[in-house]
Structure formats: structure tokens, C-alpha cells
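Biologist: I should be grateful for a close look at a single part of this protein, followed outward into its surroundings. Please set out the details in a connected account.

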Amino acid sequence: MTRQVRLASLAAFGAALAIGGLSCMGSDEPETTTEVGALLGDALPGTNGTQFAAARANFIATESNPDGFGPIFNEHACGNCHQNGSVGGAGQQIEQRYGTITNGTFNSLASTGGSLRQLFSIGGFNVGGLNCNSGTDNNPAAGATLFAGRLTTPTFGLGLVDSLPDSAFSTLAGREPTGIRGTPRLVPIALPNPFDSSQHVGGQRVGRFGWKANVPSLAQFAADAYLNEMGITTTHCSAGSPNTAFATENRANHAPTNALINGCPDDQKPGVDDDFAGEHNNCSGGLNQLQDDVANFLFFMAHLAPPPQVAITAGSSQDRGRTLFNSSTLMCSGCHRSDSDVFVSTSAGGIPAGIHFQPFSDFLVHDMGTAADQIGLNDGDSVASTRLMRTAPLWGLRSRNLKFHDGRTTDIATAIRDHNGGSLGQGTAAANAFNALSSSQQSDLVNYLNTL
Ligand code: HEC
Ligand code: HEC
């Protein structure tokens, strides 16, 4: 599917734009209320409404076999999973990852379809008179010993996070007490955002998206999700060269690359499904652009406003909970951060600069011990690195149902207790401190989290 929405006009939004209502809410802040104008799912101020509506429509558009959908997939549209509270939100879907430990390091079992298992396949399909079948990923995969669920996360406000320079994350790490200090996770850039000149193929950027902070930008996440969730392959033009990082279909159980399935192509639309580079003469003229659907997904997510917060009355249970959250006993805010000097958007990526926001995360990875999902990013990763999880952003928590990386609970108190990852876990002290509170203090803290 293609829609002709261009991102070029975004430069116009680069002018500094401060949103007065989003005031600082640090522990030393005398103010007791916050005011946020946007509703869940609204666009950032200054966003072109027509362009946002078109991009949103693309995000919820259902893809099917003639579009190149499959051969294996998890869902038919981004919006089928991201929908809690509003389009772009968290979801109830819990995906499956698996792997094992071989000779002391992580093994994704890539040859049997790991580490992400696609739940479904297009099965039988017909191309040029050939009766074809895509096959289905094994379940469980032979040899898997590690199994982890991955809950769908929300995308509200993430354009602001995407715009932060890498230095913002090192600043946050430097402020954290050594016992709970997180690490910025540098990851390779496979698909640069054409509207951020600091990104280029082969470079690195602090990973900030996904439960493991393993994805460096919303542009890259969009192409990755299109391929891995829906089976739609894309090409792009990065600084005048074709970008084929997301152009290879996933085949059931990783049938060999470039081999045909039963003499058939991978899916009903042979070749690269959305071959933007090919359609534009292999990026002649120095073209620097994303494929249209991916550009729309990016535009939609990047322009979603942060979730609104509930105003807090001085002396209320929520107010007491906020004091606990920021206290040195619990140290919740040591990882779930809202530093008002760091969380200020820049114009990188084409969103408005100068917006202050409070994500209640450092976007750093922490050793969560046995509380982690135990899944590595690459074959050969150390066991220690399989324990690294991104501090889950708590903004919008009240609009969500399931909690924790595997969606194990609907109960906020359980999610806090489950920070206990044993002696290695950086969240263990917080869980213990929570358990040591009186039950009314525990309720105060939960009531505060329900204002975010
Ligand atoms: C089958 C359900 C499903 C579909 C379809 C899906 N997603 Fe997701 N999405 C997830 C899950 C699960 C995660 C968490 C993944 C992880 O971190 O391992 C996620 C995470 C994300 C994130 C990271 C948010 C964060 O917290 O950092 C972005 C961005 C995203 N998805 C964009 C998209 C886009 C764009 C599409 C469509 C091309 C899409 N998703 C389709 C399930 C889905
Ligand atoms: C060492 C850093 C750290 C500290 C301290 C910490 N957290 Fe977390 N928090 C995390 C990480 C990492 C996750 C994601 C865990 C997972 O799902 O694997 C998380 C997840 C959560 C969740 C679930 C969010 C979701 O999206 O499902 C809640 C709620 C939460 N934390 C609240 C708290 C509270 C309240 C405190 C203080 C008592 C606290 N945290 C202290 C790092 C921390």
C-alpha cells in the first residue's frame, strides 16, 4: 500500500515551541497540580492535521495477501495491536520470544525461527497458477529452553524521546546512584531517519525503544515492525543509496535465504513488497526518504502527544504517593525519571523543539536479575546482557491494562513487587522497600501511579 504523504514540509515545525502547561514535577517542586491540554491520542501542537489523519489511517490500515503480507506474521495492522486508550496505545497482544544458552552464551535458535516467533502464516496461496504454502513457525521450537512473553507497549509521546541526543541518556546515567545506575545501550543504525542529520547507516545511536531498548529510532522501529509483525518488506533511500535492511522476508522456521518455498515465491506479491528504492530508480538524484507506509507510521507516532496527567490536590493520597515515589527510601524516580532539564524535545526528526515532557523512564537498561526476560539481542550475548531491561516508561500507566514485559499482571502493586530479581537485580531494593511500607502507604503510591 502506498500513500503519498511527504515529510519534507516538517522543517517548518522546527521553530522553538514551549508548552507552558507541562511544568516540572520534581520532588522539590512546590506545585501540586499539572495541566496538560492534550487528550490521549491527540497530536502534538503545530502538527498538520491532514497529514496526521492520513498517517493515522495508514497505521490502522489492514494489509492482506495481495499487498505482500506474510508469509509469517503476527497481525494485519499496527493498530490491531496498538489500541489501548487510543490508536497508537499499548495492547493486549503478548508475543513470544525464545532461545537457549549454548556454551555459556545466548543462542536465538535463528535456524528454527527465533528469537521472535511469528504466530501465524498465510498458509496456502496461489501465484501464477502455482499452489503454494508458506508453512508455519514451529511451536515450541526444538531446543528452546528460554521462553518470554512481550507485551505491546504504547507509542504516545515517543517522538519527543526520539528527538533526544545520545548525550541526554549519559547525563541521566551519571545522575543515578551507583546501586541502581543504568547504562545507555548503543545499537547500530540500520535505517536512518532522513530528518535527523546525525543518523547514518552504519552509525550507532542510543537504543531507546522496545522492552530492551534495542531499537535506536521510530523510523527503524516502523520498518522493523512492518516486516516482523506483518511480513511486509520495504526498501528505502538513505542518502542516495538503496537501503535494503528490511527487504528480506522471514520464512517459517527460517527456510534458507533466497530459496523458494515449494517452487513458489514467499508470498502473493513476489519480490520486495514495497520497493521504494526500485520505484525511484535506485534512489537517483541523491534521494533520502523512507518508503511511504513507513514514513506514515513514523509521522503518526512521532507526532502523538504524551499521555495527559491527572491533576494532584495537595495533601491527597496521590500527593503522599508522589512523595514516596521520589523518596530516597524507595528510589522509584532514580530509574523512572522525569528530569525537567533533560526531557526537552529538539527538532531532530522534524518534531517541534522545546516541549518539556515527563516519561518516568531513563530509557537506560538495568540488570533486573531473575526478573528480566533472559532473552539476548544477538547470538553470543553474555548471560549478564540477557538480564538487561529498559526502565518501563510510566506515563500513561492508568490507560493500560496488563503490566510488565510479559503482561503477567493487571495489578500495579504486583508489578512493583516483581522488581525483585534476587541478589543481582537492581530493582530488588525498591521491591523490598515497597513491601516494607504500610498498606495505606502502598495504596498512596499506587494511587499516585494512577495519575500518570
Ligand atoms: C502483533 C502485535 C503488533 C503489531 C501488529 C505491531 N506491534 Fe508494535 N509492538 C508490539 C509489541 C509486542 C511491542 C514490544 C516489543 C518489544 O519490545 O519486544 C511493540 C513495540 C512497538 C514500539 C516500541 C514502543 C516503545 O515502548 O519503545 C513501536 C514504536 C511500535 N511497536 C511500532 C509499531 C508499528 C509502526 C507497527 C506497524 C508497522 C507495529 N508496531 C505493529 C506489538 C505489535
Ligand atoms: C533499577 C531501576 C528501577 C527502579 C529503582 C524501579 N523500577 Fe520500576 N521498572 C524498572 C524496569 C527495568 C521495569 C521493566 C521490568 C520488566 O517488565 O521486565 C520496570 C517496570 C515498572 C512497572 C511496570 C510498568 C509496565 O509498563 O508494565 C511499574 C508500575 C514500576 N516499574 C513502578 C516502580 C515503582 C513504583 C518503583 C519504586 C518502588 C520502581 N518501579 C523502581 C526499573 C526500575
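Modeller: In this predicted model, S241 is found in strand β12, which spans residues 241-243. S241 has 15 C-beta neighbours inside 10 Å and therefore counts as partly exposed. The chain also returns to this place: C283 lies 42 residues from S241 along the chain, yet 5.8 Å separates the C-alpha atoms of the two.

Strand β11 offers a second point of reference, for S238 has its place there. With 26 C-beta neighbours inside 10 Å, S238 is classed as buried. Leaving aside residues up to four places away in sequence, S238 touches P192, V201, N243 and N288. The C-alpha atoms of S238 and G286 are 8.4 Å apart, although 48 residues along the chain divide them.

Strand β11, residues 234-238, also belongs to the surroundings of helix α7, since the elements that cover the buried residues of α7 include β11 together with α1 (49-60), α2, α3 (158-162), α5 and β13 (274-275). Helix α7 is mostly covered, with 10 of its 11 residues buried. The buried residues are D293, V294, A295, N296, F297, L298, F299, F300, M301 and A302.

From α7 the account leads to ligand 1. The shell around ligand 1 holds 25 residues, of which C78, C81, T153, F209 and G210 come nearest. Two or more residues of that shell are given by each of α2 (78-81), β8 (146-151), α5 (218-230) and α7 (292-302). Helix α5 provides the largest share, seven residues. Sorted by class, the shell around ligand 1 consists of 13 nonpolar, eight polar and four charged residues.

Ligand 2 has a shell of its own, made up of 28 residues, and the nearest of these are C332, C335, A392, K403 and H405. At least two residues apiece come from α9 (332-335), α11 (412-417), α12 (428-435) and α13 (439-449). The class count around ligand 2 is 19 nonpolar, eight polar and one charged.

Helix α13 takes part in a helix packing as well. Two packed helices are described by the angle between their axes and the distance between the axes. For α8 (residues 317-325) and α13, the angle is about 95 degrees and the axes lie 7 Å apart. The range from 65 to 115 degrees counts as roughly perpendicular, and α8 and α13 are therefore roughly perpendicular to each other. On the side of α8, the residues in this contact are S317, Q318, R320, G321, R322, L324 and F325, and they meet Q441, S443, D444, L445, N447 and Y448 of α13. By class, the contact has four nonpolar, six polar and three charged residues.

These parts belong to a protein with 13 helices and 15 strands. Its radius of gyration, 22 Å, is close to the 22 Å that the globule rule gives for 452 residues, so the protein is as compact as a globular protein of that length. Taken along the principal axes, the C-alpha atoms fill a box of roughly 70 × 50 × 35 Å. Of the 452 residues, 48% are buried. Among contacts between residues at least 6 apart in sequence, 73% join residues at least 24 apart.

Conventions: Residues numbered from 1 in each chain as written. Chains lettered and ligands numbered in written order. Predicted model: local features only at pLDDT ≥ 70, side-chain atom pairs only at ≥ 80, totals over all residues. Near = placed C-beta within 6 Å. Helix = DSSP H or I, 4+ residues; strand = E, 2+ residues; numbered from the N terminus. Nonpolar A, V, L, I, M, F, W, Y, C, P; charged D, E, K, R; others polar. Rg over C-alpha atoms; globule rule 2.2 N^0.38 Å. Buried ≥ 20, exposed ≤ 12 C-beta atoms within 10 Å, placed from the backbone. Contact = placed C-beta atoms within 7 Å. Axes fitted to C-alpha atoms, helices over the stretch in contact; angles between N-to-C directions. Parallel < 35°, antiparallel > 145°, perpendicular 65-115°, else oblique.
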